[in-house]
Amino acid sequence: MLSALLLRKQGIEVQWITFETPFFSSEKALQASKTIGIPVIVRNITPIYLKMLINPRSGYGKHMNPCMDCHALMFNLAGDMMKEIGFDFLFSGEVLGQRPMSQTMNSLRYVEKQSGFDGYILRPLSAKNLPITIPEQQGLVNRDMLLDLSGRSRKPQIKLAKEFGVTTYPSPAGGCLLTDKGYASRLKDLFEHQETYSERELHLLKHGRHLRLDKATKIIVGRTQKDNESINQYYDGNMDTIIKVKTFPGPIVLMPNGGRNEMRILAASICTGYSKAPEITPVEVLVTTPEGNETVRVIGVPPAEIKHFLI
Ligand code: SF4
């Protein structure tokens, strides 16, 4: 927001672009756009992002976050749109030294080179600490009106926001699931066991407990009512199996992409173990497969006994 406002103060027309995948959303950018009236284009980039994410050139951060290649890809895609729409350069709100991995001098240079738009990426908040860019050389931007912020402190940004009269802004950190330990383990498991992944499978990784029963079979067990609703939302009746205890309250269990019959029985027992059904008592469980409905009678497996399946 601040970098856009700085440029707008110079009379430069600015437009934002924000990207969506199952790992991060455009929500904060849309809120910011409403707050200060900068137009924003939203693009879902899941397929191309996945190609990069499977084997990022620069590797991952602490979890499954490929921050450097993520930035490079985003600038690359934004650069293509810049040319398409007819803008002159790219800018971002990055601040030198603000993030340990992705905003060091070397990382910023890496991103520029890999983006395919070296020289065209302006960071208005830190510009005076960085090499001069092509739009500055061309006189499209007045370097004297740009800033020299660096480091982790956000105090100067908060002060600047006040000067611009911006009082509501999204929190700076968070929001990317690739930096979340639990999500990252589930994603890694998916990458290790499948060659292709649908967008809904990536969304499903956000909800419930995930248990790997064998190389080809994984189940997702709802922990809360909200989990159950989310699992239902991404359930595909043509591909998945869904399991629910018939006469006692309990979770929804989803087995993405069907599953073999013995695995369905095991999943039904696990589903029962997490339900309110009495222990060591056979109960009826409804198993809905892409081929139709079936009722099976199983005894629940206590959750303590299946911990080794948890991803
Ligand atoms: S935190 Fe996520 S969205 Fe941000 S740069 Fe890293 S991988 Fe990309």
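Start by selecting Asn257, a residue that is partly exposed, with a relative accessible area of 36%. What you have on screen is a predicted model, so keep that in mind as we go round.

**Stop 1: the loop after strand 8**

Asn257 sits in the loop between strand 8 and helix 11. Check its backbone angles: phi is near 60 degrees, which is a positive value in a residue that isn't glycine. Stay in this loop and click on Gly259, which also lies between strand 8 (253-255) and helix 11 (261-273). Gly259 is partly exposed, at 27% relative accessible area. Now try the distance tool from the C-alpha of Gly259 to the C-alpha of Gly175: you should get 33 Å, for two residues 84 places apart along the chain.

**Stop 2: the other end of helix 11**

Next, select Ile280, in the loop between helix 11 and strand 9 (283-289). Is Ile280 buried or exposed? It's exposed, because its relative accessible area is 71% and the cut-off for that word is over 50%. Ile280 has a positive phi too, about 45 degrees, although it is not a glycine.

**Stop 3: the ligand**

Time to find the ligand. Select Phe24, Tyr49, Asn65, Pro66, Cys67, Cys70, His71, Cys176 and Thr179, and you have the residues around it. Which helix gives the most to this shell? Helix 4 does, with three residues. Colour the shell by class and you'll find six nonpolar residues, three polar ones and no charged ones.

Look at two of the cysteines here. Cys70 counts as buried, at 10% relative accessibility, while Cys176 is partly exposed, at 24%. You may be wondering about disulfides. A disulfide is a covalent bond between the sulfur atoms of two cysteines. The count of disulfides in this model comes to zero.

**Stop 4: the largest nonpolar core**

Tyr49, from the ligand shell, turns up again in the largest nonpolar core. This core has 31 residues, and Phe23, Tyr49, Leu53, Leu187 and Leu202 touch the most other members. Helix 3 (46-54), helix 4, helix 5 and helix 8 (181-193) each supply at least two of its residues. Helix 4 gives the most, with eight.

For a close-up, centre on Leu202. Leaving out residues up to four places away in sequence, Leu202 touches Pro22, Phe23, Thr46, Leu50, Tyr183, Leu187, Leu190 and Tyr197. There's also a second, separate core of 23 residues; Leu5, Val14, Ala127 and Val166 are among them.

**Stop 5: helix 5**

Select residues 105-115 to light up helix 5, where Ser107, Leu108, Tyr110, Val111, Glu112 and Ser115 are buried. What do these buried residues pack against? Their partners are helix 4 (67-85) and strand 4 (121-122). Step past the end of helix 5 and you reach Gly116, with a positive phi near 85 degrees.

**Last stop: Thr133**

Finish with Thr133, in the loop between strand 4 and helix 6 (134-137). Thr133 counts as buried because its relative accessibility is 7%, and the cut-off is under 20%. Show side chains and look towards Glu136: the side chains of Thr133 and Glu136 make a polar contact at 2.5 Å. Setting aside neighbours within four places in sequence, Thr133 is in contact with Gly119, Ile121 and Leu122.

Key: Residues numbered from 1 in each chain as written. Predicted model: local features only at pLDDT ≥ 70, side-chain atom pairs only at ≥ 80, totals over all residues. Heavy atoms only, no water. Buried < 20%, exposed > 50% of the residue type's maximum accessible area, 1.4 Å probe, protein only. Helix = DSSP H or I, 4+ residues; strand = E, 2+ residues; numbered from the N terminus. Contact = heavy atoms within 4.5 Å. Core = buried A, V, L, I, M, F, W, Y, C linked by side-chain atoms within 4.5 Å. Near = heavy atom within 4 Å. Nonpolar A, V, L, I, M, F, W, Y, C, P; charged D, E, K, R; others polar. Disulfide = S-S within 2.5 Å. Polar contact = N/O pair within 3.5 Å; in protein donor to acceptor, adjacent residues only side chain to side chain.
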